[in-house]
Amino acid sequence: MESNPSETPDTQPETPFHDLDHYVAIPRVGGLALSTDGSRLVTTVSTLNAKGTEYVTALWELDPAGKKHARRITRSAKGETGAVFAPNGDLYFTSARPDPDSPDTDPVSALWMLPADGGEARVVHSRAGGVGGVMAASAADATFVTAPVLAGSTDEDNDEERRKSRKDNKVAAILHTGYPVRYWDADLGPAQPRLFAVEKGDTVESGKPATVDETPSLKLRNLTPGVGGNLRNTDAVVSPDGKTIYTSMAKPLAKADTRFVLAAVDVASGSIKVLLDQDGISYRPGPVSPDNKWLCVVSESDSTPSQAPQVKLHLLNVGAGETLDLEPLAPAWDRWGSPAAWLPDGRSLLVTADDDGATPVFRVAVADGTVTRVTQDAAAYTDVVVSPDGLSAFALRSSYEFPAEPVRIELASGDVERLPAPADRPRIKGSLERVETTAADGSRVPAYLALPEGASEANPAPLLLWIHGGPLGSWNAWSWRWNPWLLVSKGYAVLLPDPALSTGYGQRFIQRGWGEWGKAPYTDLMSITDAVVQRPDIDQTRTAAMGGSFGGYMANWVAGHTDRFKAIVTHASLWAMDQFGPTTDASQYWLKEMTPEMALDNSPHRHVANIKTPMLVIHGDKDYRVPIGEGLRLWYELLSSSGLPADEGGETQHRFLYFPDENHWILKPQHAKVWYGVVEHFLARHVLGQEVPVPEDLGL
């Protein structure tokens with residue numbers, strides 16, 4: 001997968017997956033925004049910058065009718081994100097590009113607006129701490145933003161002064177009074193998120209001549225000044241009339257525990273009312289009905305060592321005054337639904353949910369909870385928005401055969417049409433099959449199998465077992481980080497199984513592996529591998545196992561329980577469960593899931609002496625979900641205590657690929673190329689018996 005310096009346009013690789021430079025250059029589509037009249041559809045497209053070191057986003061307009069070509073409507077070195085339409089057709093977004101009217105000001109993420117009737121985008125509000133997400137009411141002139149505020153600030157001017165002082169004095173210290181203190185790859189504090197209403201400011205007449213496009217200044221009104229850090233990592237929605245924001249809020253509990261309650265923020269007064277607060281349950285808001293009366297609510301029960309969480313849909317009658325009855329929605333539906341949008345008549349909602357290797361769109365009837373599958377293909381749908389007439393919806397669709405692309409869904413028939421997109425589908429050389437086997441307890445174990453072109457009994461392909469993370473997830477959508485076609489292009493078959501704990505197969509399937517990660521999930525993986533290697537087009541003598549996060553945990557567990565594989569790649573992996581629990585960024589969740597005894601019983605580090613398979617360990621130092629200590633301890637114990645330790649000269653077959661400035665994922669394109677290059681080198685040596693050089697940028 002190394003790039004060819006002499007490559008010219010006349011010598012293109014067979015597919016983008018045959019060359020990493022081409023792969024990382026594939027444009028990436030994300031997010032959809034539909035104007036209230038249904039005439040305009042906007043998405044965000046990320047493309048590689050000229051240096052190949054980061055992705056830059058831009059807004060593109062799509063034709064909802066599917067007739068016109070997609071067209072780019074913004075362009076800047078800093079990029080644009082978070083597109084939201086106001087009812088009058090103005091398009092709001094955030095960007096850190098320089099403000100032409102303030103060229104000497106340090107750029108921050110500001111609120112920009114592209115007028116409905118065309119013209120240049122302009123900054124409508126900027127602040128020292130920047131602006132985060134944007135929300136707009138669908139039926140009222142009401143716009144809102146989330147933005148960070150230093151905890152001790154008294155107002156916006158004071159917040160700017162405090163930020164300047166910290167910057168000038170080079171102070172990065174944070175004093176914490178609660179838990180958590182970091183999240184994924186971000187240090188929490190000293191800033192805290194707040195919800196703001198965007199309003200017209202006090203315009204001072206200068207008396208000087210001006211052009212006709214001069215508009216009043218805007219200001220932010222803080223709606224949640226007293227919430228502390230309780231809006232971190234929460235969800236919020238705006239009612240269509242713009243009068244209420246419904247948001248989840250963290251509720252600190254004893255012993256550093258947390259759960260999320262549901263609250264309503266009155267926009268006029270800024271008062272906050274907690275609507276739902278129940279022990280053992282966390283809530284988040286879904287969309288509000290067109291008549292402002294019903295709020296869709298998602299609840300998630302706390303896990304326990306013996307019980308997996310349950311995710312359920314509800315309706316809350318927020319238009320009933322003081323009486324708030326939470327009514328179940330589709331209680332018999334055994335899937336974890338994510339509500340996307342109400343239909344205009346208010347009689348049903350569109351919901352997505354993992355389901356048997358896909359994430360279809362479902363229609364859920366409000367009256368009786370009847371669930372009807374709308375999309376029938378084996379694809380994953382996200383970012384669903386509904387047309388004003390309720391006849392169609394728009395979404396992004398992906399699968400393991402193509403990355404996210406915009407589509408129109410005819411809701412009556414379920415027919416799906418691709419819209420003219422900002423980029424073509426990348427060509428794939430190979431095939432994708434759905435395979436399955438039966439576990440010892442009779443459960444079905446399904447998987448996808450990506451096969452290289454030409455795999456046959458005469459030319460069987462080596463097999464890579466890929467184990468997904470989560471573990472509450474499944475293989476069902478395109479992944480840029482774990483993309484099987486890069487290795488299929490090198491002749492490998494890639495097996496993508498959904499073992500016990502995977503979503504999309506019902507609550508019982510999750511419960512099968514709960515608290516016993518080393519049992520049903522492991523035996524399911526071995527069962528599906530056993531079945532697939534019996535195929536004549538698979539070479540069972542050349543196999544390897546790979547995984548990240550929980551998949552990395554399972555790769556470590558596999559290494560300590562079988563030597564059937566020629567090599568194992570473990571990325572961002574859990575190794576010592578007693579160490580991991582108190583050091584992850586969300587210990588309050590993890591320590592509910594397993595007792596200390598269960599964690600120790602399921603800990604891969606206890607089986608290090610049994611590891612006789614070469615392992616490639618990969619970890620990023622900025623990974624707070626699975627802290628670097630897991631990778632460091634795994635690496636030391638492989639070399640010192642495994643069944644394949646370093647020899648007397650210190651030489652080892654194991655390798656440790658360390659990224660000092662990456663997190664749980666490897667996000668920088670240049671590092672993604674290194675990641676895949678080292679993986680190919682390691683697999684070629686141990687699975688194929690071939691020598692492939694490591695990437696030159698490693699300096700080796």
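Student: How many salt bridges does the structure hold?

Tutor: This is a predicted model, and the structure holds 39 salt bridges. Take one pair to begin with: Asp 106 and Lys 167 form a salt bridge, with their closest N and O atoms 3.2 Å apart. Asp 106 sits in the loop between β6 and β7 while Lys 167 belongs to helix α2, so the pair ties together parts that are 61 residues apart in sequence.

Student: Is that pair buried or exposed, going by Asp 106 and Lys 167?

Tutor: Exposed at both ends: the relative accessible area is 52% for Asp 106 and 56% for Lys 167. Now set that beside another bridge from α2. Asp 159 forms a salt bridge with Arg 127, and here the closest N and O atoms are 3.4 Å apart. Asp 159 lies in helix α2 and Arg 127 in the loop between β8 (122-125) and β9 (134-136), so this pair ties together parts 32 residues apart in sequence. Both Asp 159 and Arg 127 are buried.

Student: What about Arg 259 and Asp 277, and where do they lie?

Tutor: Their side chains meet in a salt bridge at 2.6 Å, N to O. Arg 259 is in strand β17 (residues 258-266) and Asp 277 in the loop between β18 (272-276) and β19, so the parts they tie together are 18 residues apart in sequence. The two ends differ in exposure: Arg 259 is buried at 4% relative accessible area, whereas Asp 277 is partly exposed at 38%. Elsewhere, salt bridges with shared partners join Asp 377, Arg 397, Glu 405, Arg 418 and Arg 425 into one network.

Student: Which side chain of opposite charge is nearest to Glu 593?

Tutor: Arg 625, but it is 9.8 Å away; Glu 593 is buried yet has no salt bridge. A salt bridge needs a nitrogen and an oxygen within 4 Å. Glu 593 belongs to helix α8 (residues 587-593). Setting aside neighbours within four places in sequence, Glu 593 is in contact with Ser 303, Thr 304, Pro 305, Trp 514, Trp 517 and Met 598.

Student: Back to α2, then. How many residues does it have, and how far does it reach?

Tutor: A quick check on a helix is its span against the expected rise. Helix α2 (residues 156-168) has 13 residues and reaches 18 Å from first C-alpha to last, close to the 18 Å expected at 1.5 Å a residue. At its start, a side-chain oxygen of Asp 155 comes to within 3.2 Å of the backbone nitrogen of Asp 157.

Student: And which residues of α10 are buried?

Tutor: The general idea comes in handy here: an α-helix has 3.6 residues a turn, so residues three or four places apart point the same way. In α10, the buried ones are Ile 628, Glu 630, Gly 631, Leu 634, Trp 635, Glu 637 and Leu 638. They pack against α6 (550-561), β36 (567-571), α7 (577-583), β37 (615-620) and β38 (655-659). As for its span, α10 (residues 628-641) has 14 residues and reaches 19 Å, close to the expected 20 Å.

Student: What should I look for in the backbone angles?

Tutor: Most residues other than glycine have a negative phi, and most peptide bonds are trans. Lys 170 has a positive phi, near 55 degrees, and is not a glycine. Lys 170 lies in the loop between α2 and β11 (182-183) and is exposed, with a relative accessible area of 76%. Asn 292, also not a glycine, has a positive phi of about 70 degrees; its place is the loop between β19 (281-288) and β20 (294-301).

Student: Where are cis peptide bonds found?

Tutor: One joins Gly 189 and Pro 190, with omega about -5 degrees, and Pro 190 lies in the loop between β12 (186-187) and β13 (191-200). Another joins Gly 470 and Pro 471, with omega about 0 degrees; Pro 471 is in the loop between β33 (461-467) and α3 (484-488).

Student: How many helices and strands does the protein chain have?

Tutor: 11 helices and 38 strands. The radius of gyration is 26 Å, close to the 27 Å that the globule rule gives for 700 residues, so the chain is as compact as a globular protein of that length. Of those 700 residues, 53% count as buried.

Methods
Residues are numbered from 1 along each chain as its sequence is written. This is a predicted model: local features need pLDDT of at least 70, side-chain atom pairs count only at pLDDT 80 or more; totals for chains, interfaces and linings use all residues. Side-chain values use heavy atoms; hydrogens and water are left out. Helices (H or I, at least four residues) and strands (E, at least two) are DSSP runs, numbered from the N terminus. The expected span of a helix is 1.5 Å times one less than its number of residues. A polar contact is a pair of N or O atoms within 3.5 Å; within protein, one must be able to donate a hydrogen and the other to accept it, and residues adjacent in sequence count only if both atoms are side-chain atoms. Buried means under 20% relative accessible area, exposed over 50%, partly exposed in between (1.4 Å probe, protein chains only). Lys and Arg count as positive and Asp and Glu as negative; His and the chain ends are not counted. Contact means heavy atoms within 4.5 Å. The radius of gyration is taken over C-alpha atoms; the globule rule is 2.2 Å times the number of residues to the power 0.38.
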